[in-house]
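Work through the exercises below with the sequence and the structure side by side. Try each task on your own before you read its solution.

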Amino acid sequence: MDIIIENLIVGIAVMFVIIACRVFQANVALALGDNTPKLNGATSLNPVNHIDIVGFICFIIFKFGWAKPIEVNVSNFKNRFWGKIIYSLSNAFMCFLIALISAIIYILVGSDNKMLFLLFRDIFSISIVFGIIGLIPLPPFDGAIFISAFLSREVEYEYFKLSNYTTLILLALILTRTFGTFLSPIASTVGQFIIKIAYMLVM
């Protein structure tokens, strides 16, 4: 029963982080001049519009995964270069902000309320992982959009063809544990830094 409850808490944490970050990023795109995410439902709170089933299952089992990519037309940005930069970093910004708020809450809650402690601890760790994964320079992740800001349109077009193989590449990296080997120390370093900030704000 404990395993079921723990997985349920992880599932709730994953959905919260994914939906909150994607809705925020979709609205950033809207503010930058592109309404494509809104037209495709990315500004909605409906989990169906945000959850990638394979990525969600990977989050539950391996504690790292991915969401559905947000469809965005960077050509609609008021400023194509800065629009790409701001948009590509907005997801990570929101993820790390959620991580900071979650860290503050679970520090204040402590172990007196186990359910809340576990929930916000999971939100903390998942938001960090989700933020880091989003920065991977592999289309259609945000890291690729950031890099594309410095590429010509011709090179950008060829670069984004890699998105056809992204899911297969990620699954291969996860199943061979290669992904976790590189991701874990980065997530740990970022997490420790955010926790230090949280303690400074609480004290």
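**Exercise 1: a buried aspartate**

Aspartate 142 touches Gln25, Tyr87, Ser88, Asn91 and Gly134, when residues up to four places away in sequence are not counted. The model is a predicted one, and the tasks are to be read with that in mind.

Task: Find which side chain makes a polar contact with the side chain of aspartate 142, and which side chain of opposite charge is nearest to aspartate 142.

Solution. Begin by locating the residue, which is found in helix α6, residues 142-148. Next, look at the side chain of glutamine 25, with which the side chain of aspartate 142 makes a polar contact of 3.1 Å. Finally, search for a partner of opposite charge: the nearest such side chain is that of arginine 22, 8.5 Å away, and aspartate 142, although buried, has no salt bridge. A salt bridge would need the charged atoms to be within 4 Å.

**Exercise 2: a histidine in a loop**

Task: Decide whether histidine 50 is buried or exposed, and find which side chain is joined to that of histidine 50 by a polar contact of 2.7 Å.

Solution. First place histidine 50 in the loop between α2 (36-39) and α3 (53-62). Its relative accessible area is 0%, and because buried means under 20%, histidine 50 counts as buried. Then turn to the polar partners: the side chain of arginine 22 is joined to that of histidine 50 by the 2.7 Å contact, while the backbone oxygen of serine 44 lies 2.5 Å from a polar atom of the histidine 50 side chain. Among the other residues that histidine 50 touches are Ile18, Val23 and Lys68.

**Exercise 3: cysteines without disulfides**

Task: Work out how many disulfides the structure holds, and why cysteine 95 is not in one.

Solution. The structure holds 0 disulfides. Cysteine 58 is in none, and the nearest cysteine sulfur, which belongs to cysteine 95, is 17 Å away. For cysteine 95 the nearest cysteine sulfur is that of cysteine 21, at 3.2 Å; a disulfide requires the two sulfur atoms to be within 2.5 Å, so this pair does not count. Both residues are buried, cysteine 58 with a relative accessible area of 6% and cysteine 95 at 0%.

**Exercise 4: the span of a helix**

Task: Check what span the 31 residues of α1 should have at 1.5 Å a residue.

Solution. The expected span is 1.5 Å times one less than the number of residues, which for α1 gives 45 Å, and the end C-alpha atoms are 45 Å apart, in agreement. After α1 comes glycine 33, whose phi is positive, near 120 degrees.

How values were computed:
Residues numbered from 1 in each chain as written. Predicted model: local features only at pLDDT ≥ 70, side-chain atom pairs only at ≥ 80, totals over all residues. Heavy atoms only, no water. Helix = DSSP H or I, 4+ residues; strand = E, 2+ residues; numbered from the N terminus. Buried < 20%, exposed > 50% of the residue type's maximum accessible area, 1.4 Å probe, protein only. Lys, Arg positive; Asp, Glu negative; His and termini not counted. Polar contact = N/O pair within 3.5 Å; in protein donor to acceptor, adjacent residues only side chain to side chain. Contact = heavy atoms within 4.5 Å.
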